[in-house]
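Colleague: I have a few minutes before my next gel. Can you walk me through this one?

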Amino acid sequence: MANAPIIAPEKSSQVTRKPYPNYKVIVLDDDFNTFQHVHDCLVKYIPGMTSDRAWELTNQVHYEGQAIVWVGPQEQAEHYHQQLLRAGLTMAPLEAA
C-alpha cells in the first residue's frame, strides 16, 4: 500500500491588518491643582487643545471627577500622560480606548 502524497493547503495571499489600539489620557480631580493650572497644562501639552475646550475639560474634571483629555496611539498617549504628570496633574493609568 503506497502512501498518498500530503498536499499542504495554499497560503492565503490576503493579509488581515489590525489597527493598533488607541489609549485614553485621563486627568483626575484632586484637591491641590487649581482650575487655571489644569487649563494651562491642557493647552500647553495636548496638541490642538483650544482654550475653550480646555475649560470644558477642566470643569468636567472638577464636577465629574475625571475627563478624557486625549485619545490616540499608545506612544503619543504615554508622552502626553507623562508631561501632564510631571506638571503635577493627577492622572489615571493609561487604558485602552
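Modeller: Sure. Start in helix α2, where arginine 53 and glutamate 56 both sit, three residues apart, about one turn of the helix. Keep in mind that this is a predicted model.

Colleague: What do arginine 53 and glutamate 56 form with each other?

Modeller: A salt bridge. The closest N and O atoms are 3.0 Å apart.

Colleague: Is arginine 53 buried, exposed or partly exposed?

Modeller: Arginine 53 has 38% relative accessibility, so it counts as partly exposed. Glutamate 56 is also partly exposed, with a relative accessible area of 47%.

Colleague: How many salt bridges does the count come to?

Modeller: The count comes to two salt bridges. Besides the pair in α2, the side chains of lysine 24 and glutamate 95 meet in one, at 3.1 Å from N to O.

Colleague: Which parts of the chain does that pair link?

Modeller: Distant ones. Lysine 24 is in strand β1 and glutamate 95 is in strand β4, residues 95-96. The two residues are 71 residues apart.

Colleague: Lysine 24 first, then. Buried or exposed?

Modeller: Lysine 24 is at 18% relative accessibility, and the cut-off for buried is under 20%, so it counts as buried. Its partner, glutamate 95, is partly exposed, with a relative accessible area of 35%.

Colleague: New topic. Where does aspartate 30 lie?

Modeller: In the loop between β1 (22-28) and α1 (35-45). Aspartate 30 is buried, yet it has no salt bridge.

Colleague: Which side chain of opposite charge is nearest to aspartate 30, and how far away is it?

Modeller: Arginine 86, and it is 16 Å away. A salt bridge needs the nitrogen within 4 Å of a carboxyl oxygen, so arginine 86 at 16 Å does not make one with aspartate 30.

Colleague: What does the side chain of aspartate 30 make a polar contact with?

Modeller: The side chain of asparagine 33, at 2.7 Å. The side chain of threonine 90 also makes a polar contact with the aspartate 30 side chain, at 2.6 Å.

Colleague: And aspartate 31? Buried or exposed?

Modeller: Exposed, at 81% relative accessibility. Aspartate 31 is placed in the loop between β1 and α1. From aspartate 31 to glutamine 74 the distance is 29 Å in space, C-alpha to C-alpha, with their positions 43 residues apart in sequence.

Colleague: Back to the helices. How do the axes of α1 and α2 cross?

Modeller: At roughly 130 degrees, and the axes come within 9 Å. Angles over 145 count as roughly antiparallel and 65 to 115 as roughly perpendicular, so α1 and α2 are oblique to each other.

Colleague: Left-handed or right-handed crossing?

Modeller: The crossing of α1 and α2 is right-handed.

Colleague: Let's pick a residue in α2. What does the side chain of threonine 58 reach?

Modeller: The side chain of threonine 58 reaches the backbone nitrogen of histidine 39 at 3.5 Å. Threonine 58 is in helix α2, and histidine 39 falls within the residue range of α1, 35-45. The threonine 58 side chain also reaches the backbone oxygen of alanine 54, at 2.7 Å.

Colleague: Threonine 58, buried or exposed?

Modeller: Buried. Its relative accessibility is 3%.

Colleague: Now α3. Where is glutamine 82 relative to tyrosine 45 in space?

Modeller: The two are 9.9 Å apart, C-alpha to C-alpha, and 37 residues apart in sequence. Glutamine 82 is found in helix α3, residues 74-86. Glutamine 82 is partly exposed, with a relative accessible area of 33%.

Colleague: Last one. Where is glycine 88 found?

Modeller: In the loop between α3 and β3 (90-91). Glycine 88 counts as partly exposed, at 29% relative accessibility.

Colleague: How far apart are glycine 88 and histidine 37 in sequence and in space?

Modeller: They are 51 residues apart in sequence and 9.0 Å apart in space, C-alpha to C-alpha.

Notes: Residues numbered from 1 in each chain as written. Predicted model: local features only at pLDDT ≥ 70, side-chain atom pairs only at ≥ 80, totals over all residues. Heavy atoms only, no water. Helix = DSSP H or I, 4+ residues; strand = E, 2+ residues; numbered from the N terminus. Buried < 20%, exposed > 50% of the residue type's maximum accessible area, 1.4 Å probe, protein only. Lys, Arg positive; Asp, Glu negative; His and termini not counted. Polar contact = N/O pair within 3.5 Å; in protein donor to acceptor, adjacent residues only side chain to side chain. Axes fitted to C-alpha atoms, helices over the stretch in contact; angles between N-to-C directions. Parallel < 35°, antiparallel > 145°, perpendicular 65-115°, else oblique. Left-handed = near helix turned anticlockwise from the far one by under 90°.
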